[in-house]
Amino acid sequence: MSAPALEELDARLWDLLDCPWSAAPGSGKSGARSSGRRAAVVPSEGSGWDLSPWAALELPDAAARWLELCLQHVLLREVFQEEAAVREGAGGPSDAELVRQAEGGVPGALEVLVARYSGLVIGAAYSVLADAESARDVAQEAFLEAARTLPLLREREKFGHWVYGIARRKAIYVLRKRKKRREAEADFVTDAEQPQAEPGQPLARRERREHVRASLAQLPEIYREILVLKYLDGRSYGEIGRLLGLNQTAVDKRLTRAKALLREALRTWSEE
Amino acid sequence: MEARDSLSAGGGPSDALDLVLRQRAHLMAFLVSMTRDFGMAEELFREVCALVSERAPRGLADNECLRWVREAARRRALATLRARAGAGAAPPERVIAELERAVAAWDERGSEVWKARKAALRECLAALPISLLKLLELRYTRDLSLQRLAEAAGRDVEAVRSELRRARRELESCVARRPATNGEART
């Protein structure tokens, strides 16, 4: 296959990544409609993927190439995001300074704090709720509450930890409300279906899922929190240490203990 | 292999989650390749992590566990695409099968492959002309689409597209010259 044909394939594949369908005008539930350059690459909804440019290679090779570019896209984004985070951490004003400015009504100070911690706060809510949309709502409420109660924050340099705690508390509240609603619905359904109800796999599966949730929920707060930070948020030991005010050895010890407790709880259940 | 909704004996969910996080770039690339949307892929990645932490089967070898994860990721991605963008947004089955095969081949080689690639990318970015570096930086730190990138850079869409193409070509040939990633870049 000629080099220009391969280059053209690459160009079209990169177009797919540079013009995601969600960014196209009119995109959304109604369909991946597009316009302009992108229209030549991805046809409108219903006609599927346009694989004609892929004909430059055999399908396995074209798919592998597409995946290759996606990996490069992912890695480039990671590299640039990491560098931006380092620059922000190194060059920007401290949290304590920003909190002081926000309390004094300096425009933009609170926005910088929100930008700095939105990922962490959404992650905290998501780790409890496992639902991106609710997590964003909870994060927004957490920042609003933080803004309202900012003067109550004694250790201004711990703004991140503080707002993280607010988000978790709010997320747990939402989760409890959901659980109560589900239980009420389940009671209603069970009552309504009593004559036809049969023991079976769906119930066992639900029970198992509930048990994992319950096992995690029964762990002492300090162990549950560190498991969520490490395995659901994907935080490094350093980040966890900063958030929880622990050194690396203490993080390591607490995490080991938390994993042992969770394993024990799950093992006990599977043996029953 | 069907994704099982169960916890069987053996390693445990936290080990499976560790494995997924170690291989995260592969899974993210797979999700991006299916959805063509980074935001959606990130959302799905988090959902898959939550699923793994609750339901990952125990007692599986790493490659079997990763196969379970890919299957779960594929099903979630298809369901989300269909719900948000209609059936036409999902790739054809034969394409998905090839994508899964290619990711499985990466997974077999372990996380060193993508880590070496990332390190090489970092070095090669430093060698790029500053104008191309700035354009890529704008593209990836602010996650702008081509149209918005052109608006932010105050330039024509085609010019920006052509510059991006040049930057990526240079990066790719630079990465391919690195000993640790030699021969990995082009399949």
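**Charged and aromatic contacts in a predicted two-chain model**

Both Asp107(B) and Arg70(B) are buried. Their side chains meet in a salt bridge, with an N to O distance of 2.7 Å. Asp107(B) belongs to helix α5 (residues 93–109) of chain B and Arg70(B) to helix α4 (residues 62–85) of chain B, so the bridge ties together parts 37 residues apart in sequence. A network of salt bridges with shared partners joins Glu71(B), Arg74(B), Arg75(B), Glu93(B) and Glu100(B). The model is predicted. Over all chains, 29 salt bridges are found.

Two further salt bridges concern both chains. The first to be described involves Glu7(A) and Arg169(B), whose side chains meet at 3.6 Å, N to O. Glu7(A) sits in helix α1 (residues 3–18) of chain A, and Arg169(B) in helix α9 (residues 157–177) of chain B, so this pair joins two chains. Glu7(A) is partly exposed, at a relative accessible area of 38%. Arg169(B) is likewise partly exposed, at 39%. These values count as partly exposed because they fall between the 20% limit for buried and the 50% limit for exposed.

The other bridge pairs Arg168(B) with Asp18(A), at 2.7 Å, N to O. This pair also crosses between chains, from helix α9 of chain B to helix α1 of chain A. Arg168(B) is buried, with a relative accessible area of 3%. Asp18(A) is buried too, at 2%. Arg168(B) has a second partner in chain A: the residue lies over the face of Trp14(A), 3.8 Å from the ring centre. Within chain B, the charged end of Arg139(B) sits over the ring of Tyr140(B), at 5.2 Å from its centre.

Aromatic pairs number three over all chains. One of them, formed by Tyr117(A) and Phe159(A), is tilted, with 5.9 Å centre to centre and 55 degrees between the planes. The pair links distant parts of the chain, 42 residues apart: Tyr117(A) lies in helix α5 (residues 109–129) of chain A and Phe159(A) in helix α7 (residues 159–193) of chain A. Both Tyr117(A) and Phe159(A) are buried. Ring pairs extend to Trp162(A), which forms a cluster with Tyr117(A) and Phe159(A).

Helix α6 (residues 132–148) of chain A contains 17 residues. The helix reaches 24 Å from first to last C-alpha, close to the 24 Å expected at 1.5 Å a residue. Its buried residues are Ala132(A), Ser134(A), Ala135(A), Val138(A), Ala139(A), Ala142(A), Phe143(A), Glu145(A) and Ala146(A). Ser134(A), placed in this helix, has a relative accessible area of 16%. Ser134(A) counts as buried because that value is under 20%. Neighbours within four places in sequence aside, Ser134(A) is in contact with Leu129(A) and Arg178(A).

Chain B as a whole comprises nine helices and zero strands. Its pattern along the sequence is α-α-α-α-α-α-α-α-α. Of the 187 residues in chain B, 56% are buried. Among contacts in chain B with a separation of 6 or more, 71% involve residues 24 or more positions apart. The accessible surface of chain B is about 7800 Å², and carbon and sulfur atoms account for 49% of it.

Note on methods: Residues numbered from 1 in each chain as written. Chains lettered and ligands numbered in written order. Predicted model: local features only at pLDDT ≥ 70, side-chain atom pairs only at ≥ 80, totals over all residues. Heavy atoms only, no water. Helix = DSSP H or I, 4+ residues; strand = E, 2+ residues; numbered from the N terminus. Expected span 1.5 Å × (residues − 1). Buried < 20%, exposed > 50% of the residue type's maximum accessible area, 1.4 Å probe, protein only. Contact = heavy atoms within 4.5 Å. Areas by Shrake-Rupley, 256 points an atom, 1.4 Å probe, with all protein chains shown as cover. Phe/Tyr/Trp six-rings, centres within 6.5 Å; stacked < 30°, edge-to-face > 60°. Lys NZ or Arg CZ within 6 Å of the ring centre and 35° of its normal. Salt bridge = Lys/Arg side-chain N within 4 Å of Asp/Glu carboxyl O.
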